[in-house]
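Hi,

Here is the structure I promised to pass on to you. Have a look at it first, and then read on for what turned up.

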Amino acid sequence: MNRSARLALTFGVAFVVALPLGFIFAPDPTGVVPLLLTAGLAAVLGLPVYLGLSRAVGS
């Protein structure tokens, strides 16, 4: 799997996992704050996974 696909897959999954958390922990009728929280959580969850996956496959 190439680097771009691995990056997209990792952060896509992290975004899907973080999406409900953003709406649970930041209820806002406009949806802006939960979306920002979701993006931040996706980065916090996705970056360690991506780096660990990169190290595991050796690239």
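A quick definition before we start: a residue counts as buried under 20% relative accessible area, as exposed over 50%, and as partly exposed in between. Please also keep in mind that this is a predicted model.

With that in hand, take Val-17, which sits in helix α1. Its relative accessible area is 46%, so Val-17 is partly exposed. Val-17 also belongs to a nonpolar patch on the surface, of about 330 Å², together with Leu-9, Val-13 and Leu-45. Which helix gives the largest share of that patch? The answer is α1, residues 3-25, with three residues.

Two other members of the patch are worth a look. Leu-9 is in helix α1, and its relative accessible area of 48% makes Leu-9 partly exposed. Between the C-alpha atoms of Leu-9 and Tyr-50 there are 9.2 Å, although 41 residues separate the two along the chain. Val-13 is likewise placed in helix α1. At 48% relative accessibility, Val-13 is partly exposed. From Val-13 to Ala-42 the C-alpha distance is 8.4 Å, with the two residues 29 apart in sequence.

Now for the helix itself. α1 is made of 23 residues and spans 32 Å from first C-alpha to last, which is close to the 33 Å expected at 1.5 Å a residue. Where does α1 have its kink? Look at Ala-18: the kink there is about 30°, and the proline Pro-20 comes shortly after.

The buried side of the story in α1 involves Arg-6, Thr-10, Ala-14, Ala-18 and Gly-22. There is a handy rule for reading such a list: an α-helix has 3.6 residues a turn, so residues three or four places apart point the same way. The buried residues of α1 pack against α2, residues 32-57.

Two of these buried residues show what that packing looks like. Thr-10, in helix α1, has 8% relative accessibility, and since buried means under 20%, Thr-10 is buried. Leaving out residues up to four places away in sequence, Thr-10 is in touch with Gly-46, Val-49, Tyr-50 and Leu-53. Ala-14 is also part of helix α1. Is Ala-14 buried or exposed? With a relative accessible area of 7%, Ala-14 is buried. The contacts of Ala-14, again without residues up to four places away in sequence, are Ala-42, Leu-45 and Gly-46. For Ala-14 and Gly-46 the C-alpha atoms are 5.3 Å apart, while their positions lie 32 residues apart along the chain.

One more residue of helix α1 is Leu-19. Its relative accessibility of 31% puts Leu-19 in the partly exposed class. Leu-19 and Arg-55 are 36 residues apart in sequence, and their C-alpha atoms are 26 Å apart in space.

On to the partner helix. α2 has 26 residues, and from its first C-alpha to its last it reaches 36 Å, close to the 38 Å expected at 1.5 Å a residue. What is the bend in α2, and where is it? The bend is about 25° and is found at Gly-46, with the proline Pro-48 following within four residues. You have met Gly-46 already, as a contact of Thr-10 and of Ala-14.

Gly-46 is also on the list of buried residues of α2, along with Pro-34, Thr-38, Ala-42, Tyr-50 and Ser-54. Part of the cover over these buried residues comes from α1. Finally, just after α2, Gly-58 adopts a positive phi of about 80°.

If you want a route through the model, start at the patch formed by Leu-9, Val-13, Val-17 and Leu-45, then turn to Thr-10 and follow its contacts to Gly-46, Val-49, Tyr-50 and Leu-53.

Enjoy exploring, and write back with any questions.

Best wishes

Technical notes: Residues are numbered from 1 along each chain as its sequence is written. This is a predicted model: local features need pLDDT of at least 70, side-chain atom pairs count only at pLDDT 80 or more; totals for chains, interfaces and linings use all residues. Side-chain values use heavy atoms; hydrogens and water are left out. Patches are made of residues with over 30% relative accessible area and no salt bridge: like charges are joined within 9 Å, nonpolar side chains (Val, Leu, Ile, Met, Phe, Trp, Tyr) within 5 Å. Accessible areas come from the Shrake-Rupley method with a 1.4 Å probe; for residues, only the protein chains shown count as cover. A salt bridge is a side-chain nitrogen of Lys or Arg within 4 Å of a carboxyl oxygen of Asp or Glu. Helices (H or I, at least four residues) and strands (E, at least two) are DSSP runs, numbered from the N terminus. Buried means under 20% relative accessible area, exposed over 50%, partly exposed in between (1.4 Å probe, protein chains only). The expected span of a helix is 1.5 Å times one less than its number of residues. The bend at a residue is the angle between axes fitted to the seven residues ending there and the seven starting there. Contact means heavy atoms within 4.5 Å.
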